[in-house]
Amino acid sequence: MSDLAIRADDNTGNDPLRRAPLALGGQTYASVTETVCAVAEREGTTRAWRIAFAVSATLTLAFFASIGYLIVTGVGVWGNTNPVYWAFPIVNFVFWIGIGHAGTLISAILFLFRQKWRTSINRFAEAMTIFAVMCAGIFPGIHVGRVWLAYWLAPYPNQMLLWPNFRSPLLWDVFAVSTYATVSAMFWYLGMVPDLATLRDRAKTPIRRTLYGLFALGWHGSARQWHRYERAYLLLAALAAPLVLSVHSVVSFDFAVSQVPGWHTTIFPPYFVAGAIFSGFAMVVTLMVPARAFFGLKNLVTVRHLENMNKIILLTSLIVGYAYGTELFISWYSGSTYERFAFFNRAFGPLGWGYGLMVLCNVLVPQLFWFKKCRTTPWIMLVVAVLVNVGMWFERFVIIVGSLSRDYLPSSWGHYVPTAIDLLMLVGSFGLFFTLFLLFCRYLPMVAIAEVKPVLPVTKPADETA
Amino acid sequence: MNHDRPSVPETPQVVAGLLAEFDRPETLVAAAARVKAAGYRTWDCHSPFPVHGIDPAMGIRPTILPWLVVGAGTAGVLVALVMQWWTNAVDYPLNISGKPLFSLPANIPVTFELLILFSALTAFLGALALNGLPFFSNPIFSNPRFRRVTNDRFFVSISAADPAFGEEATRAFLQSLDGVAVVEPFHRPAAPPKIPAAFHIAGALAVCMACFPPLLIAYARATKSAKPRIHVWPDMDSQAKYQTQTAHPLFPDRRSMRAGVPGTVAVGRLNADERLYEGKDGEQWVTSVPVEIDAERMRRGKERYEIYCAPCHGLSGEGDGIMAQRALEREEPWVRRSLVDDYAVKLPVGSIFNTIRHGKNTMLPYGAQVPPADRWAIVLYVKALQRAQNATIDDVPEELRDKLQ
Amino acid sequence: MSSVERNTKGDGRYWRSLNELADAPEFRRHLEREFPAGGDSPPAGVSRRRWLQLMGASMALGAASGCRWEREEIRPFVKRPEGHVPGVPERYATAYDLSGTGRSLTVTAFDGRPIKVEGNANHPMSLGATDAWAQAAILEFYDPDRNARVLLREQAGQRAASWDEALSCLRAAIGTAREAGGAGLAILAEPDSSPTRARLQVRLREALPAATWFEYAPFSDDQCRAGAVLAFGRGARSQYRLGEADVIACLDADPLGHHPAALRHARDFAARRDPDRGPMNRLYVVEAGYSTTGVCADHRLPLRAGHVPTLASALEQAVTVLLDGKSPAAGDTDRDRFVRVLASDLVEHRGMGLVVAGPNQPAAVHAAVHRMNQALRNAGKTVVYTALPDEGRPTHVDAIGQLAQAMRDGQVKTLLVLGGNPVFDAPADVAFASALARVPESFHLGVYNDETSRACRWHLPRAHFLESWGDVRAYDGTYSVTQPIIAPLYGGKSAIELLAALLEENPPGPRQLVRETFQAVGGGASEADWRRTLHDGLLPESGGRPLELFAQPRSASEPELAATSGDGGFELVFCLDPAVHDGRFANNGWLQELPDPLTKITWDNAVLVGPATAERLGIVHESLATLARGGRSLDIAAYVLPGVAEGSLMVTVGYGRTAAGHVGGDTVLGVESVGVDTYALRTAEAMSVATDVAVSVAKGRYRLATTQDHHAIDRVGAAGRDARVGQLVRATTEEHYRQHPEFVEHVVHTPELKSLWAEKAYDGHRWGMTIDLSKCTGCSACVVACQAENNVPIVGKRETMRGREMHWLRIDRYFEGAPEDPSVAIQPVACHQCELAPCEQVCPVAATVHSAEGLNDMAYNRCIGTRYCANNCPYKVRRFNYFNWHKDLKDARNEVVKLMYNPDVTIRHRGVMEKCTYCVQRIQAAKIEAKNAGRAVGEGEIQVACQQVCPAQAIAFGDLADETSAVAAGQRSNRAYALLAELNIKPRTEYLARIRNPHPLLGGTPELSDDERSGHTG
């Protein structure tokens, strides 16, 4: 993508006297509407989109095919073994859940902090969240040995008179993840209602009008509606913010509450949450950089937005790096033979390469963002973001597989080798993610129109902030 | 959805209200203030995004939504705590890792999640409900201009239902507002709109479909089927092992239960004492009971006799048991077998013991049901019956004889 | 029988095929008699047709139970056998013969079906224990590969025939032989202690004097016999009294492992390994590779098998010198010091010492040992001699050689092979198969249609010992009768039945045959004695009388004791395999998957080399090595095992079967054979040790399926492992233990362990277990016993390689010290039934919870398989069903296998977690019995499977609440420690620290010289 657009009018300056605009190219209400809706209203689809969709759809099919194979054959089709009872599926689960944190975080927390620059990217990020959570939700479901009985995790009255065990972190997971999925879906949809109304009112064909109209629920932008709407949005944000933090904390409990050396660590909750935000923002950047180019949103999703995200990536990278250090120190300081070994082995044992990769991608590479040039050059940030995602996947791999393969009794140490199905499911989950994402880009408003308009320069200068 | 179709001239329309269009948020705010001042009640402002400062201008009072959410949150907490306490500590308490049945720390995560879930649902649904959404047939959509409200135009709408509404006066009033671009009416059909037949058919169809599952269930419950029930995941309901008294296809008699090989001796079945276990002494039947005789054993014998023998041989041993009687009533062939006639009296005890064990003629063997000790007890009791049934007056002690007279 | 008819007349489609069967006249006859005398097996004549029908039936069964609940049917006895209560297991004393020695057993039958084998507690050679092979007999009995039919080989291949055909053909052959007084008839039998067979053999000799009778087994005690002849002038059998011995010296001998009396030896030996009960004995072992005895040794000298003779002579000299009051020759190599100390120790404990030589050593060594034992006045005390049952038979090697020669010369017209599998296990240079091809009429009586059966013209199905009458003599000569537990499943005959059938047209039944022998053995014993013998499983006082023997000094004729292998080069040592024996158990999945006690290899054999030798050869772990010898060569995976003597290459035999069956490999079925056939390198003159072997590294690597160290372990891992072995397997020397009785507490120091909540109190039973590491020899019988008792599936080589083995009980093995001469630590680990079980709290569906008696119960039906519990188990004893391991039972041919499973234990489905339950079904059974009898469960009334089978009685199980119970006493003892106690999980299983008794002069320094060793770091 050409940097000319940015050169033309740069809004990445930090001059406090000159407030940088959040949208470029002298946007009016109509032009914003036009820019965003044009994507959804375009007749036919571009070749690039079709190719991308074909690829991801194929992967999705492969994903579900392998799930079917898994269910009829048994979880043995994975590489899981004694003692590595958890492996790729759980790694993927934690990875996707982590990704799923950026959206709600951007929408909720930045909203509470009145960070107006969120408006151009929150819709996008929330969508990504929903899809990531969908990918994540699949794995624990198919991970159990008897998938057809997974519903026993729910506390429902049954003829066995049995209830789930509320002491188990896995059950906490069930509640946390399902709550998170529900709330972020509502948050996303509620935010989208006015924009769906926009699409409804611009719709040319009856089908579009009917469908968009159906989901717009008959919104007519009355001041009274706006009043309750904003209040509800604020409340959801206020609820979602702690929820985001709780979800990954609970996921980290799966490990922290157990007594496997390398898992039994008190810093896991903050460490996991930071990691989640880290990977989530990286994923937003990964998707945003190409998307804003393909769909001509450069003036709404400006380099300044990306730069702000890169700053957060840099911050969280530092937190994560600090956590790595703390882990090592505590394991040494604990004086426990097993803890010490677990971490020594993590760094220098058979999976040491994974640990190295993790440190490289999560701690060293993001340091590039200290340089403005790297923060503001799309292709560089793209590369960094992709590497961060790779690194974060390996972080989970190292924690889960590394710790399990060597715990207390050396006699039962094991060796883990993923199978083709493992890899297929990893790739397949990306397929599902991108399929949903491409559909979103094509048919739904990628940018929160109604939220961008108030922060446009054309609105009263009072509303203009950075 | 009405707003989807442009207003059709032939259906008679009446004015539902007036729209005033603006193109700047500020002018809308100013206009709102004046409409309020003019004393209109059922009116509203419409804008593509929340307009700063419109609420005071229109005098909108804060919504009660937050209070609903607080209530829901509290409910969530209570539900979570009660659920976890009742299920794990009251309804089905289990000793898990020796931990207490209920302890707050372990229950906080779920409590927190439910707090959020309940609150969020309330915030979302509450907002829709209070906003009266979904509402597809809003007459205001009947004016095509209004479609720009979601794009770049701002409107004031005054409903015809407003007591202060008069088409001409209100129109004049609206036109007097500064910054106003256009004033136009919006309509609603005079008669409530006709719902197209397709909707009726679809609805009817849906209802019919909905009836199927309950009907099927009712049918299944009412009728009987010879087939075993459907079983998709066998899991561990039928296992590849043979419980007792099951069938096995590989044996000609198809019993998975096999009889021991003749001549083998199982542990604990040595039964060395031939007199006790066979009732034999060499080739001869034993003539005296090889167990010590006492009242307890006699009682036991009576009890066992009445359970196993009396049905045919009768309580008195004369062969008039209930089976015999029934056979006589139904005139079925029946050999009445008395245990107290001369033949029986002459039998050596060993032989009686052996008959109990192996059966005789139509009598089934009782070896499996009656263990040797009990067999001897029965033999004892039979002997006693024989004695009693063939007793003479001499057998009665002197002092009691007169009682018999 | 009415019920039978009712049910045979069509209910449901699946029995229709059996209705035809019901019309078959012989089946009518079955219906007439409730319990057919001929057993419930199909009459031999129609067995094949019947078999197919039944197969059809069971296939239909598969079809019928599609996606619906399977149709259940009740099949009671109409006339219940007296004293039989359906569902209440019965026990029968019986016995079987394993390569010439009888072993007495007690078999549990559920509804008349044998489902579990135990040792016979009355029998002096068993005392209730068995080895792994006996445990696995059940699987062999129900093996569908056990051949059901007589087979006749023709050009087209084998075809089914009938017993009548076979017998008439055999009788005809004998008829022709009879003219020549039996010349041309040869019988090759596997060694068998059966007196009945001996009796019939004599009758056969009388009937056909010119007929020849040979015996062959690939592993025999011929050298011991020859040694006795050298020393005493007559053959004799040494009976060791290990319990009496304070000092035991094993010269390449394995009295605790591959010895016919190993069970009794282990019991006596272990009784002397408890420092709290009297003084301990001291065990010296000289051996090339690791044997069970070597694992238990206080001092082990790795030495080439070929060098043992020189060591023996050195020892003999040293002993004589010392006895003369002089001091032995100096010399300060490890070996010299070892000999010197051993000699002095033996002399010190004169009359309470014991020297043992192994069957692999030449006769001269045995002679020397006999002389030593006599000089040391051990003879008569720690070792007594009994007569040989078959004095003066030719050695097995000679026998097979002579027979092969005779066959090649065409002297043998008819060959009858009674058991054994000579085509597979005869010495390679004898070329038995090619010789056999020259014999016109050959018959093989075998349990399987194996290599020999396929090379012979006729295969005759042999009845398994669980379904046939017979008799045996134990190693000490005690007489036992083999009772059939069930009527023959397939129309097989036992060896004695076949012999009797040769002797007369219509012979007496097998029971009668044995009964007649008993008459002779028991000296006119009465029917009551007979019944008592059947009941007790032995005839008391029938053992061999001790002989008064005197060892002459070495005669001039006797060869000088010389090394049989040089210092350079390599020696190849052939060993019996701890799993598949000499190959006979190759089709037994339980044994194939039983990890080798030392290497932990399953489903394979490998060549074991010491680290030094490996370096010399440039061999690395799991690289392929080519062993070549006399023009024959084979490629086999190398396993670098610490403690194997420099220059020694150890291989076990019995693998590479080509006609074993669906498990062990079968070329006809297209099943790849398991492991490599090492008999190919074994020749008549080198049956135990081959010195002229050439070794080279072959291309490529070969992955062995081991259950421990699943992959070659890296430096970090090795360091971590070595750091904690001392904490996991706590051990010290007797000397140190006497000074610091409480030493176990100081191995790991932890702050006081407290729970954050009030812990549950258990009133009533508190089941617990102790495992005495001083006694455990790592023989692995418990692993198979557990498998048999608890329906534990096998998973096959591929899955074992992945680490998915299902054994509930595993035996951990660690090496300590220098790789050339390490000491081995053995530790059986099963579920510890923690009171604060970490597995329970993490299960989201409460599928694993605590019982009122403190057992960590597993509710299979509630388990959804999150595997979280297994992650959180510090002992990693939980096992997960990654697949449906029982899937192949759906196959109709495996219908019979279902009869084997213990009905009291769930057959676990895929996706379910499982683990050791402390044999909860046995606990419940005992409790019910006690309740019915209106009393409390008594101490020792409940024996868990692993405890019951353990020859060393290393495992104690019982009620901790009962202060007097053995297990409570054990956990009170000084040596008791809980594994990973620092986690505060309160395991119910505790270990008793291993105490060694090294000689002060031979590195007798305690491994734990001070408490600081690792305690204060932990």
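Reader: What area do chain C and chain B bury between them, and what percentage of it lies on carbon and sulfur atoms?

Author: In this predicted model, the two chains bury about 6800 Å² between them, and carbon and sulfur atoms account for 58% of that area. The contact draws on 86 residues of chain C and 55 residues of chain B.

Reader: Which three residues of chain C supply more of the area buried against chain B than any other three?

Author: They are Trp69(C), Arg75(C) and Glu82(C), which together give 13% of the area that chain C buries against chain B.

Reader: How many salt bridges are counted between chain C and chain B?

Author: A pair qualifies when a side-chain nitrogen of Lys or Arg is within 4 Å of a carboxyl oxygen of Asp or Glu. Between chain C and chain B the count is four. One of the residues named above, Glu82(C), forms a salt bridge with Arg375(B), with N to O at 2.6 Å.

Reader: How should the interface of chain A and chain B be read, and what area is buried there?

Author: The same quantities can be listed in turn. About 6100 Å² is buried between chain A and chain B, 67% of it from carbon and sulfur atoms. Chain A contributes 64 residues to the contact and chain B contributes 71. Two salt bridges are found across this interface. Arg224(A) makes a salt bridge with Asp44(B), where the closest N and O atoms are 3.7 Å apart.

Reader: At what angle do helix H9 of chain A and helix H3 of chain B pack, and how far apart are their axes?

Author: H9(A), residues 223–256, and H3(B), residues 65–91, pack at about 30°, and their axes are 10 Å apart. Because of that angle, H9(A) is roughly parallel to H3(B); the cut-off for this class is under 35 degrees. The crossing of H9(A) past H3(B) is right-handed.

Reader: Which residues make this contact?

Author: H9(A) offers Arg228(A), Arg231(A), Ala232(A), Leu235(A) and Leu239(A), while H3(B) offers Leu65(B), Pro66(B) and Val69(B). Sorted by class, the contact has six nonpolar and two charged residues, with no polar ones.

Reader: Within chain A, at what angle do helices H5 and H10 pack?

Author: H5(A), residues 101–112, and H10(A), residues 268–294, pack at about 90°, with axes 7 Å apart. The two helices are therefore roughly perpendicular. His101(A), Ala102(A), Leu105(A) and Ile106(A) of H5(A) meet Ala276(A), Ile277(A), Gly280(A), Phe281(A) and Val284(A) of H10(A). The residues of this contact comprise seven nonpolar, two polar and no charged.

Reader: Let us turn to the backbone. What is the usual sign of phi in residues other than glycine, and what is the usual form of a peptide bond?

Author: Phi is negative in most residues other than glycine, and most peptide bonds are trans. Exceptions can then be picked out in the model. The bond from Asn82(A) to Pro83(A) is cis, with omega near 5°. Pro83(A) sits in the loop between helix H3 (47–73) and helix H4 (88–99) of chain A. In chain B, Leu133(B) and Pro134(B) are joined by a cis peptide bond with omega about -10°. Pro134(B) belongs to the loop between helix H4 (104–130) and strand E3 (154–159) of chain B.

Reader: What is phi of Ala846(C), and where does this residue lie?

Author: Phi of Ala846(C) is near 55°, a positive value in a residue other than glycine. Ala846(C) lies in the loop between helix H27 (838–841) and strand E35 (848–850) of chain C.

Definitions and conventions:
Residues numbered from 1 in each chain as written. Chains lettered and ligands numbered in written order. Predicted model: local features only at pLDDT ≥ 70, side-chain atom pairs only at ≥ 80, totals over all residues. Heavy atoms only, no water. Axes fitted to C-alpha atoms, helices over the stretch in contact; angles between N-to-C directions. Helix = DSSP H or I, 4+ residues; strand = E, 2+ residues; numbered from the N terminus. Parallel < 35°, antiparallel > 145°, perpendicular 65-115°, else oblique. Left-handed = near helix turned anticlockwise from the far one by under 90°. Contact = heavy atoms within 4.5 Å. Nonpolar A, V, L, I, M, F, W, Y, C, P; charged D, E, K, R; others polar. Buried area = accessible area lost by both parts, 1.4 Å probe.
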